[in-house]
Amino acid sequence: MLDDTDRRILRQYQADPDLTGQELAERAGVTAATLTRRLERLRASGILKGAQAVIDWQALGYAVEVSLRVTLDKSRPQAFEEFTAAARKVPEVVEIQTFLGQVDVRLSVIARDLGHYQQLYREKILALPHMTDVEALMHIARIKYDERLPL
């Protein structure tokens, strides 16, 4: 269970992951030794999974993002596993989510332009196993994207 000190550390770390250990300790109101112990415990418990680089895909030339809502053939026992294993191999699929309900899987796909997307769709997406239906939703704008938790 998290206490107030853990929440303070995580809140500051989320706000600015580039802080040095000393700066983070100061902002969280703890000593550097306490910060180190707490971060190690948070990592060991799986609460803090690590840090990652956030890359602007558009700055790298990927101007198109599409969400694909996929319905799978649920009569096949291994449909989810086989579909997700194959989808993971498509480099342009940057996110895979599974759901309960009419839509089984959502894929986020990036492409350089519409022509590249059409090629990906025909050659890679439609080749994925066990699909019974797929609906494409073209991203226009990202209004909010924030993975920070309200700690």
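Visitor: Is Asp4 buried, partly exposed or exposed?
Guide: This is a predicted model, and its values are computed from the atoms. Anything over 50% relative accessible area counts as exposed. Asp4 has a relative accessible area of 57%, so Asp4 is exposed.

Visitor: Which residue does Asp4 form a salt bridge with?
Guide: Asp4 sits in helix H1 (residues 4-15), and three residues along in that helix is a partner about one helical turn away. That partner is partly exposed, with a relative accessible area of 27%. The closest N and O atoms of the pair are 3.9 Å apart, and the partner is Arg7.

Visitor: How many salt bridges turn up in the whole structure?
Guide: Side chains of opposite charge can pair when their charged atoms come close. Here, Asp3, Asp6, Arg38 and Arg41 are linked in a network of such bridges. Arg148 and Asp146 form a salt bridge too, with their closest N and O atoms 3.0 Å apart. Searching the whole structure gives a count of 11.

Visitor: Which residue forms a salt bridge with Glu92?
Guide: The closest N and O atoms of this pair are 3.4 Å apart. The pair links distant parts of the chain, with Glu92 in the loop between helix H4 (79-88) and strand E2 (93-98) and the partner in helix H5, 32 residues apart. Glu92 counts as buried at 11% relative accessibility, whereas the partner counts as partly exposed at 32%. The partner is Lys124.

Visitor: What does His116 touch, leaving out residues up to four places away in sequence?
Guide: His116 is found in helix H5. With a relative accessible area of 7%, under the 20% cut-off, His116 is buried. Its C-alpha atom is separated by 9.0 Å from that of Val64, 52 residues apart along the chain. As for contacts, His116 touches Tyr62, Glu92 and Ala111.

Visitor: How many aromatic pairs are there?
Guide: Ring centres have to lie within 6.5 Å to pair. By that rule the count comes to two.

Visitor: What kind of aromatic pair do Trp57 and Tyr62 form?
Guide: Trp57 counts as partly exposed at 36% relative accessibility, and Tyr62 counts as partly exposed at 23%. Their rings are 5.9 Å centre to centre, with 85 degrees between the planes. Planes over 60 degrees apart get a particular label, so this pair is edge-to-face.

Visitor: And what kind of pair do Tyr117 and Tyr121 form?
Guide: These two are four residues apart in helix H5, so they are separated by about one helical turn. Tyr117 is buried at 9% relative accessible area, while Tyr121 is partly exposed at 24%. Their rings are 5.9 Å centre to centre with 35 degrees between the planes, which makes the pair tilted.

Visitor: Which ring does the charged end of Arg142 sit over?
Guide: The charged end of Arg142 is 5.4 Å from the centre of that ring. The ring belongs to Tyr145.

Visitor: How much accessible area does the nonpolar patch with Ile55 have?
Guide: Ile55 lies in the loop between helix H3 (32-44) and strand E1 (64-72), and is partly exposed at 48% relative accessible area. Ile55 forms the surface patch with Trp57, Leu60 and Val94. Together they have about 370 Å².

Visitor: What is the phi of His130 near?
Guide: His130 is found in the loop between helix H5 (114-125) and strand E4 (131-138), and counts as buried at 16% relative accessibility. Most residues other than glycine have a negative phi. The phi of His130 is positive, near 70 degrees.

Note on methods. Residues numbered from 1 in each chain as written. Predicted model: local features only at pLDDT ≥ 70, side-chain atom pairs only at ≥ 80, totals over all residues. Heavy atoms only, no water. Buried < 20%, exposed > 50% of the residue type's maximum accessible area, 1.4 Å probe, protein only. Phe/Tyr/Trp six-rings, centres within 6.5 Å; stacked < 30°, edge-to-face > 60°. Lys NZ or Arg CZ within 6 Å of the ring centre and 35° of its normal. Patch = residues over 30% accessible without salt bridge, like charges linked within 9 Å, V, L, I, M, F, W, Y side chains within 5 Å. Areas by Shrake-Rupley, 256 points an atom, 1.4 Å probe, with all protein chains shown as cover. Salt bridge = Lys/Arg side-chain N within 4 Å of Asp/Glu carboxyl O. Contact = heavy atoms within 4.5 Å.
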